[in-house]
Amino acid sequence: MTKRMTEDIKKEIERLVKELNYHCYRYYVMDSPVISDEEYDRLYFKLKELEGKYGIVLPDSPTQRVGAPPLDKFEKVRHKEPMLSLDNAFSYDELMEFDKRVRRLIGTQNEIEYTVEPKYDGLAIELTYKNGLLYKASTRGDGYEGEDVTLNIKTIKSVPLKIEGANIPDEIDIRGEVYMDIEDFERLNRERQQKGEPLFANPRNAAAGSVRQLDSSITASRKLHLACYGVGTVKGMEFKTQFELIKWLEEMRFPIPEIVRLVIGINRVIDAVKEIEEKRMSFPFETDGAVVKVNDFRLQSLLGVKTREPRWAIAYKYPAHQGITRIKEILPSVGRTGVITPVAILEPVKIGGVTVSRSTLHNWDEIERKDIRVGDFVVVERAGEVIPHVVTVIKERRTGKEKVFPMPEKCPVCGSKVVREEGEVAVRCIGLDCPAQVQERIRHFASRAAMDIEGLGEKNVELLYSKGLISHFIDIYRLKKEDLLGLPRFAEKSAQNLIDAIEKSKHATLSKFIYALGIMHVGEYAARLIAENFERLEDLYHVKPERIKEIRQIGEKIAHSVATFFNDLENIKTLEKLKALGLKITNPDFKGRGQMKGPLDGLTFVITGSLPKPRKEIEDLIESLGGHASSSVSRMTDYLVVGEEPGSKLQKAKSIGVKTVSYEELLKIIEQRKK
Ligand SMILES: NC(=O)c1ccc[n+]([C@@H]2O[C@H](COP(=O)([O-])OP(=O)(O)OC[C@H]3O[C@@H](n4cnc5c(N)ncnc54)[C@H](O)[C@@H]3O)[C@@H](O)[C@H]2O)c1
Ligand SMILES: [Zn+2]
């Protein structure tokens, strides 16, 4: 390699180190990152690769250290044993490699015993207890030295100030994660928005920011939680395994991770990793992965540590659901009810393996509150099937060229006046013949979850509408093949296909048909509930709102909207015309009128410990009476049903003020509510 090339590589490494160190500062010190974790990880791995390939490692490289040094405003605390980071695996193959490495280093062919726990996305904390009393709490800092945050940590209600029992060590350093539930994070951000304070990018930053400031009354107001999963130095006692440690922590009333699995062999590890991935969406807090640890502490010390991370553990990372990108433009989009929604067109960004290029901005109140401008860098979140949305703007990255996007005065499609009703945030086009609305209604009618007419998507609806062939969904059933032939995009075969698809759609189920009608507030789920309760379409004609409201889980708004629709004579005429055009509706979902509200309607229950009957049976009972049985305690929980040997859910429930009842009390509640 020429001298020139070596120079270039050195420069590149220096540049990466400098950039990454800036991001570490933003992330670990200021608790306010300006790039996404995925982007950070990409740069980090690039640096690591160059370092490995060319053997150039700068002393201040982020690959050589954990976190960032403590802030001067805090007293410093030296950790007796360093608090390390974790190595990452992004695939099951990488987990298998980890297992192979472990077995090779130990020198065994046998399967290894591992624990698998959710990876809490929060702030690592060390709690030192002397003679049973909480003596000091410190942050991880740079791994060797952290910040003294004892006063702040003491305000977290689930942190035991004292450990009691026959079996307690003289001194122990317990490690865990301080975190904030997603709901509380969102509430906090809403409050900050109202006060014009900067928003936190995610619950992790919010938790870290709440602990790493000097006013403990602020920490106390933040609803923080703790999950303990590890230990540093212990004097006067000995733990043999990770699982034994966790059991002891639980016994001593420390909050422990929601799930801790003890398994043998890497295949069972992968099962547990999958289990946590499935359950994590129902956790009230963020989990960004699962942590796999060699269970036996003797084997752990045999394996030892590297500069930054132990060799006996690895974090399997789940796909992220946040990313950071730039808003290229904002487009007002007119929906089928005339509501105009601002949509952000984004520079495409990969979030959890899916490319996201648009995101809803909901309404202009939201734009104003979050101060979102064209050209801004924003944190975008995509969770499950929900449409991606903007969490916050990264104002630090503004150049001054960003543009405010005003509320339109006219409908961008038909030019009609735009109104905003009293007490509503939505802006609506009031044009009766607004093509956008008409086309959206037709497109909705034909969409997969509704009448499922293949070939009648956005483009073709627009084409047929512009040719005057359809101006209402009823016209779909008047289309003839001759109408289509000769249109751009339609040849003999494609025209026949569309006609066939329309013919097929005439055999619809009532639930899909109700959904297809596009009645305000009636989504797929509500449509199904209605179909479960009304046998025939005609039974809905002139229905009273009270009758709809009797249906379990259907509220005032939907009941009113459905009744209004079916009491309108024009609408009934349309439905009759559709029948005359050959529409045949069946209702396989009908369950009879027995589906009315149950005694537990609207209540959420969680079960912990062992009860007189199998858990599944009790959950079924709750659900059959209209209640909801959930697997984890959150603020949404109404009752925690407590059996013998309850788990950590009990503590969680107590710390957030969820009511607890015994099995007998549950039965009493049911009896009382039946009256
Ligand atoms: N966006 C940015 O600018 C930026 C900057 C720096 C770092 N980062 C991100 O931070 C991460 C690296 O941070 P890190 O070094 O703190 O490592 P990490 O957060 O990936 O993993 C290590 C930590 O996991 C925690 N943890 C949670 N649950 C645990 C459990 N059950 N058992 C053991 N530990 C558990 C511990 O606090 C431990 O210190 C990367 O994902 C990176 O993307 C982002
Ligand atoms: Zn319009």
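Two exercises on a predicted model follow, one on a sheet and one on the surroundings of a ligand.

Residues are numbered from 1 along each chain as its sequence is written, while chains are lettered from A and ligands numbered from 1 in the order in which they are written. In this predicted model, local features need pLDDT of at least 70 and side-chain atom pairs count only at pLDDT 80 or more, whereas totals for chains, interfaces and linings use all residues.

**Exercise 1.** Determine which strands form the edges of the open sheet of four strands.

*Solution.* Begin with the order of this open sheet, which is 24-23-25-26 with parallel pairing; strands are DSSP runs of E with at least two residues, numbered from the N terminus, and two of them pair if DSSP finds at least two bridges between them. Strand 24 (628–630) and strand 26 (659–661) are the edge strands, each pairing on one side only. Next, inspect one pair: strand 23 (residues 604–608) and strand 24 are joined in the parallel sense over three bridges, and T604 stands opposite H628 in strand 24.

**Exercise 2.** Establish why ligand 1 lies between two domains, and describe its shell.

*Solution.* Start with the nearest residues: H23, Y27, D37, S85 and A124 come nearest among the 24 residues around ligand 1, where a residue is near if its C-beta atom, placed from the backbone, lies within 6 Å. Helix 1 then gives the most to this shell, with four residues, a helix being a DSSP run of H or I with at least four residues. Finally, because domain 1 (3–64) and domain 2 (76–317) both give residues to the shell, ligand 1 lies between them, with the domain bounds coming from an automatic or database domain assignment.
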